[in-house]
Amino acid sequence: MKPADAPSVGAWLALAESDLRIARLVLPLTPPEHHAVCFHAQQAGEKALKALLEAGNQPIPRTHDLALLTALLQLQGFASAEIAVHAAMLSDYGVTPRYPMPTGSATYEEARDAVASAEAVVAWVLGQFRAELW
């Protein structure tokens, strides 16, 4: 299956790419909005992983836990230790940047790393479709 074969898969991927684009655009802003970068990076990874679940006709859980999503994908035969690490790093950014935290906002380095992890997750998911495993 290719993303275009299932409109909902294509919609998930389009949203993932949109969130990744937003994260990249916001990263260099002054004053910094690192919390927003981290949130959109997490959203990009989450939506990309959910696209792959959708393509495999798997239920899409209502969760921001990317480690759970990668575990579900591993049950389908999609395994990547590197992607699991990136996904786990992004998981906390699904909720924490949206609320005041005693530790303060994310740093530039954290935001940059979140974008890099999101890029890795999205690229990996897109690679699964290019491999035509469906």
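This is a working chat about the fold, the loops and the cavity of a predicted model.

Student: Before we start, what kind of model is this and which residues count?
Tutor: It is a predicted model, in which local features need pLDDT of at least 70 and side-chain atom pairs count only at pLDDT 80 or more, while totals for chains, interfaces and linings use all residues. Residues are numbered from 1 along each chain as its sequence is written, and side-chain values use heavy atoms, with hydrogens and water left out.

Student: OK, how many helices and strands are there in the protein chain?
Tutor: The protein chain has five helices and zero strands, where helices (H or I, at least four residues) and strands (E, at least two) are DSSP runs, numbered from the N terminus.

Student: And what share of the residues is buried?
Tutor: Of the 134 residues, 43% count as buried, a term that means under 20% relative accessible area, with exposed being over 50% and partly exposed in between (1.4 Å probe, protein chains only).

Student: Switching to the backbone, which peptide bond is cis?
Tutor: The bond from threonine 30 to proline 31 is cis, with omega near 0°, and proline 31 sits in the loop between helix H1 (7-26) and helix H2 (34-55). Most peptide bonds are trans, and most residues other than glycine have a negative phi.

Student: So which residue other than glycine has a positive phi?
Tutor: Asparagine 57 has a phi near 55°, and its place is the loop between H2 and helix H3 (66-75).

Student: Is asparagine 57 buried or exposed?
Tutor: Asparagine 57 is exposed, its relative accessible area being 66%.

Student: What about serine 91, where is it and what is it in contact with?
Tutor: Serine 91 belongs to helix H4 (residues 81-91) and is buried, with a relative accessible area of 14%. Leaving aside neighbours within four places in sequence, serine 91 is in contact (heavy atoms within 4.5 Å) with Gln42, His64, Asp65, Leu66 and Ala67.

Student: Last topic: how big is the largest cavity, and what lines it?
Tutor: The largest cavity has a volume of about 40 Å³, and its lining includes Thr70, Phe78, Ile83 and Trp124. A cavity here is a set of points, on a 1 Å grid over the protein atoms alone, where a 1.4 Å probe fits but cannot get out, and lining residues have an atom within 4 Å of a point; the volume is the space filled by probe spheres set on the points, which are joined across faces, edges and corners.

Student: Which element gives the largest share of that lining?
Tutor: H3 does, with three residues of the lining of the largest cavity.

Methods:
1 Å grid on protein atoms, 1.4 Å probe; cavity = no way out; pocket = protein on both sides within 12 Å on 5 of 7 lines; lining within 4 Å.
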